[in-house]
Amino acid sequence: MKKRILALILAAAASCMMCLPLPVSAANAGTGGFQLSESSIGVRVGDYTKLYAYFGSSVDSNVTWSSADGTIASVDSGGTVTGMKIGQTVVTARDGAYSSSCVVNVAYKGIDVSRYQGTIDWSAVKNYGIDFAMIRTGYGSENWSVQTDPYFQTYYNSAKAVGLKIGAYHYSYATSVAMAQAEADFCLHILNGQKLDYPVAFDVEDKSQWGLSTGTLGQIVQAFCSKLQAAGYKTVVYSYYSFYNAHLTSPLVAQYDTWIAHSTDRTDFSPYTMWQYGQRTVPGVSGSCDVDYSFYDYSGNGGGSGGITEPTVPDSTEQSFTCDTTSTYTFGANKTYNYKITTNDTFTPSASSSNPSAISVSYLQRLTDGFL
């Protein structure tokens, strides 16, 4: 996304995490010491890519390879990494006392674009291995003819024609519930009932929103997202790492999926279903553009779903069990229990107790394959 403030523009990187690692002539291979050709890579389920280990500028073939979780990504004796299921793990190469690691993201690969990318060769984007595109609808709501992204419909039609999955995002500078509702109306006007495979993201990061309370921002997020969901669209909240942690902490925000922007090899933000990890050069797009991973199969076309976060159990007195509406469960007194609802639906279910004085129940968190 092109941001309205320079501080939010993610730095461009010299090499592409989506590409195969470079051979011996790799730019980062001659910096000395024991290291891998890549510090972070992306691979789809069933696809593979090769990592190289170096001592200085020379390929080191006397290494032992291992994966922290072989069910997510396996690695053979030659450094070939294969995606097994959606998730994130770490592959490590060792030679004696030396070791070096690479973060492996087994995910769907995406880009997010707006008018600032200009004309895009969507066939080249598809052939490069991109699975989905998040396209800007527009920004704000005051002047619909001016604030509609002039490339939205062209991008939508062209990306769809080559078989890419499509989502959208709307840049917000709402400072009240009324403004957020107006932005939702504007976004729905631009979408015009067109089918999306990925969610509509509410892009909350504008400087005008920095001074708002977490409660107000929660109400703003809910006003926009609830209106989009009522119209039949899945929603996700987008923002950058520090803004999310400082301002988007309301439970009203937590009920929606998260698309986090954090330019790093491995973000410690949790939980999220989508991650904008930086800017890269992508064939078919002039200059660099934002690149993303989705750890959830929003399009529902198989290939696995799930994610890189797991339910948190605070202490040993808590228990987790699968929600079963056909039988009765007896609770122990003064204990907390977690129950999981497994579903591909991104709409947050309601939970209530018929006798709150005896048992209380509340929403805990969103999971990639359901809810706690």
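Start by colouring by secondary structure: the protein has 7 helices and 22 strands. Keep in mind that you're looking at a predicted model.

**The whole chain**

Before zooming in, switch on a surface. Its accessible area is about 16,600 Å², and carbon and sulfur atoms account for 50% of that. Now colour by burial: of the 372 residues, 48% are buried. If you like contact maps, pull one up too. Of the contacts between residues at least 6 apart in sequence, 63% link residues at least 24 apart.

**Into the largest core**

Next, select Ile111 and Trp122. They belong to the largest nonpolar core, a set of 68 residues, and they touch the most other members of it. Then highlight helix 5, residues 214-230: this helix is the biggest contributor to that core, with 7 residues.

Stay with Trp122 and show what surrounds it. Which residues does Trp122 contact, once you leave aside neighbours within four places in sequence? Ile111 is one of them, so to speak the partner you already have selected, and the others are Val113, Ala133, Tyr155, Ser158, Ala159, Val162 and Leu164. The question and its reply both rest on that one contact list for Trp122.

There's a second core to pick out, separate from the one above. This core has 17 residues, including Leu36, Leu51, Cys102 and Val104.

**A four-stranded sheet**

Now hide the side chains and go to the open sheet whose 4 strands come in the order 2-10-9-6. The pairing in this sheet is mixed. Select residues 40-43 (strand 2) and 64-67 (strand 6) to see the edges, where each strand pairs on one side only. Look along the sheet and you can follow the twist, which averages 25° from one strand to the next.

Zoom in on strand 6 and strand 9, the latter being residues 87-95. These two run antiparallel and are joined by 4 bridges. For a landmark, label Ser66 and find Thr92 of strand 9 standing opposite.

**Last stop: the cysteines**

Finally, select the cysteine sulfurs. How many disulfides does a search of the whole structure find? The count is 0. As a reminder, a disulfide would be a covalent bond between two cysteines' sulfur atoms.

Two cysteines are worth a click here. Is Cys102 buried or exposed? Cys102 counts as buried because its relative accessible area is 0%, under the 20% cut-off. You met Cys102 earlier as a member of the 17-residue core. Cys289 is buried as well, with a relative accessible area of 1%.

Technical notes. Residues numbered from 1 in each chain as written. Predicted model: local features only at pLDDT ≥ 70, side-chain atom pairs only at ≥ 80, totals over all residues. Heavy atoms only, no water. Core = buried A, V, L, I, M, F, W, Y, C linked by side-chain atoms within 4.5 Å. Buried < 20%, exposed > 50% of the residue type's maximum accessible area, 1.4 Å probe, protein only. Contact = heavy atoms within 4.5 Å. Pairing = 2+ DSSP bridges. Axes fitted to C-alpha atoms, helices over the stretch in contact; angles between N-to-C directions. Areas by Shrake-Rupley, 256 points an atom, 1.4 Å probe, with all protein chains shown as cover. Disulfide = S-S within 2.5 Å.
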